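Here is a set of short exercises to work through with the model open beside you. Try each task before you read its solution.

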Protein chains: 2
Amino acid sequence: MTRLDTVAIVGVGMIGGSLGLAIKDRRAARKVIGIGRTSSSLMKASRLGQVDRTTTDLAQGVADADLVIVCAPVAKVAPLLKEAALHSRPDALFTDAASTKHEIIRDIARSADLAPRFIGSHPLAGSEKSGPEAAVADLLLDRTVIVTPVRTNRAEDIRRICRFWESLGAHVVRMSPEEHDRIVAATSHVPHIVSSILAAATPSAMLPLVARGWLDTTRVAAGDPELWKEIVASNRVNVLKALSRFERVFASFRGAVEQRDWKKLNGLLERAMKTRTRLENDALGS
Amino acid sequence: MTRLDTVAIVGVGMIGGSLGLAIKDRRAARKVIGIGRTSSSLMKASRLGQVDRTTTDLAQGVADADLVIVCAPVAKVAPLLKEAALHSRPDALFTDAASTKHEIIRDIARSADLAPRFIGSHPLAGSEKSGPEAAVADLLLDRTVIVTPVRTNRAEDIRRICRFWESLGAHVVRMSPEEHDRIVAATSHVPHIVSSILAAATPSAMLPLVARGWLDTTRVAAGDPELWKEIVASNRVNVLKALSRFERVFASFRGAVEQRDWKKLNGLLERAMKTRTRLENDALGS
């Protein structure tokens, strides 16, 4: 594919809407079809210039697409992919934007028609906000998109998917679905859980006295509970391993405070500070 | 005190420098004296217009002040206050900006001359940045300053300190030093420790793949380890209690994931989300 002809975006929320805007801004495709469950949200996306045409009929929406991108909560991705594959062109490619990859790929592996044409993607550009109103054209600019090919994918198709993300301004990193899920458990899912624990563990009477540190540390806890429950459920084993790693470091910190071992506490805080400041000036698009 | 004549700021870093700027901006005093250990940092503060005069000699710097504000790491506050009291006017008032209050007040309680004239303060306006270069004039604008009077303070002096902070644009909340320390353990010290644990528990090889969620959740971990070690050491019992509360909620979250109790996980995430979003649009100056 040099330039895409028709991209179908299944699910036009914050991510799907942002992709639509970016595709149209950068002329990465001739036409963007927005597919959604409710016409009210599709109308919003259309009014905001995120898509050229909209439909609530999945079969009709994907019929002409050479690329179908499913932007739905993780548990809905595989069913939507299977349904879309039944109604799309035989040469269409499929990708997604979900936060975990292994479960989706396992789920569609037996669809001999779909499996070779689905190449999983995860744009590292989430937000606690949702809906087409929260979409922004530069969501992917200088961000990382992890692409997780498997053995049944064709090399040329993998390259096409990578080039698609790059055409929206993103950096692509390739790895296996298993490695992806192991990494995001530590870099995203456990931070979300820990942030939620902090928010939930703060007594309400104290809330009027929180400052910027608390607000930053708990920001992601404002994310959609239903969505995050699904993400955690689809990455349970890796999340439990990353929680155990967190717990071991927690025990070191607590032990230092309990035993008044201030030298040890200083060392632990220094290790954390060094890890954090190493990223301070990185081009992470933070 | 209608308007102050001379304010002495002991320690002109991010907080001290910001106070100097705010005092001069709002003409809250006729003259601001900056007192520091090194002339290089004092020169910076002077060049940045944060103070009118500077000295490395504490005795000389506080001699004419009607208000002395010690902006130093928590373990240094009480020694500096005692030293300053020896050389200041008999009617001078004293306050500070440290993150814990009980230990400082206990430490100076036997200084019969100083204790009645020291009224502890804690501006809830920290930053992971430090030094006079990081100072900003509106650091306190619409922020909260907790003032922690004790029985030996005169009502008129307490009012003067509260009015001083209000004159810089802050809201004042009054409470006992013990209550203050109990609250900040949960709203600030444990979030800092947890943020540090998250940073330290993330394997280095994964760092290039972190996204905005990780960066926000770990931002405060970039703070000065020496400073935070002192803060935790000066509030050990409250921090341990707040860590235990965190641990109990952690066990609930972990249990839900372990037992695949997704309904329970959803409930926990929802409780966290509701707590966090309640503050989303608050005038917290986040």
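The exercises below go from the whole chain, through the pairing of the copies, to single residues.

This is a predicted model, in which local features need pLDDT of at least 70 and side-chain atom pairs count only at pLDDT 80 or more, while totals for chains, interfaces and linings use all residues. Residues are numbered from 1 along each chain as its sequence is written, chains are lettered from A and ligands numbered from 1 in the order in which they are written, and side-chain values use heavy atoms, with hydrogens and water left out.

**Exercise 1. The whole chain**

Describe the secondary structure, the dimensions and the burial of chain A.

Solution.
- Step 1: Start with the elements. Chain A has 11 helices and eight strands; these are DSSP runs numbered from the N terminus, with helices being H or I of at least four residues and strands being E of at least two.
- Step 2: Turn to the dimensions. The C-alpha trace of chain A spans about 65 × 40 × 30 Å along its principal axes. Its radius of gyration is 21 Å, which agrees with the value near 19 Å for a compact globule of 286 residues. Here the radius is taken over C-alpha atoms, and the globule rule is 2.2 Å times the number of residues to the power 0.38.
- Step 3: Look at burial. In chain A, 58% of the 286 residues count as buried. Buried means under 20% relative accessible area, exposed over 50%, and partly exposed in between (1.4 Å probe, protein chains only).
- Step 4: Add the contacts, meaning heavy atoms within 4.5 Å. Of those in chain A between residues at least 6 apart in sequence, 72% join residues at least 24 apart.

**Exercise 2. Two copies**

Work out how chain B is related to chain A.

Solution.
- Step 1: Superpose the copies by least squares on the C-alpha atoms of residues with pLDDT of at least 70 in both. A turn of 180 degrees, with a shift of 0.0 Å along the axis, lays chain B on chain A with an RMSD of 0.0 Å.
- Step 2: Name the symmetry. The two copies are thus related as by a two-fold rotation axis.
- Step 3: Find the residue of chain B that comes closest to the rotation axis. That is B:Thr217, with its C-alpha at 2.0 Å.
- Step 4: Compare the interfaces. The copies meet through the same surface, because 100% of the interface residues of chain B are also interface residues in chain A.

**Exercise 3. The buried side of a helix**

Which residues of helix 4 of chain A are buried, and what do they pack against?

Solution.
- Step 1: Locate helix 4 at residues 74-87 of chain A. The buried residues there are A:Val74, A:Val77, A:Ala78, A:Leu81, A:Ala84 and A:Ala85.
- Step 2: Recall the helix geometry. An α-helix has 3.6 residues a turn, so residues three or four places apart point the same way.
- Step 3: List the partners. The buried residues of helix 4 pack against helix 3 (58-62), strand 4 (67-70), strand 5 (93-96), helix 5 (102-108) and helix 9 (225-233) of chain A.

**Exercise 4. Positive phi**

Place A:Asp142 and B:Arg260 and give their phi angles.

Solution.
- Step 1: A:Asp142 sits in the loop between strand 6 (120-123) and strand 7 (144-148) of chain A. Its phi is near 65 degrees, a positive value in a residue other than glycine. A:Asp142 is partly exposed, with a relative accessible area of 41%.
- Step 2: B:Arg260 belongs to the loop between helix 10 (236-258) and helix 11 (262-280) of chain B. Phi of B:Arg260 is near 50 degrees, again a positive value in a residue other than glycine. With 52% relative accessible area, B:Arg260 is exposed.

**Exercise 5. Sequence and space**

How far apart in sequence and in space are A:Phe164 and A:Leu4, and B:Ser39 and B:Thr55?

Solution.
- Step 1: A:Phe164, in helix 6 (residues 155-167) of chain A, is buried at a relative accessible area of 3%. A:Phe164 and A:Leu4 are 160 residues apart in sequence and 8.6 Å apart C-alpha to C-alpha.
- Step 2: B:Ser39, in helix 2 (residues 39-47) of chain B, is partly exposed at 46%. The C-alpha atoms of B:Ser39 and B:Thr55 are separated by 7.6 Å, with their positions 16 residues apart along the chain.
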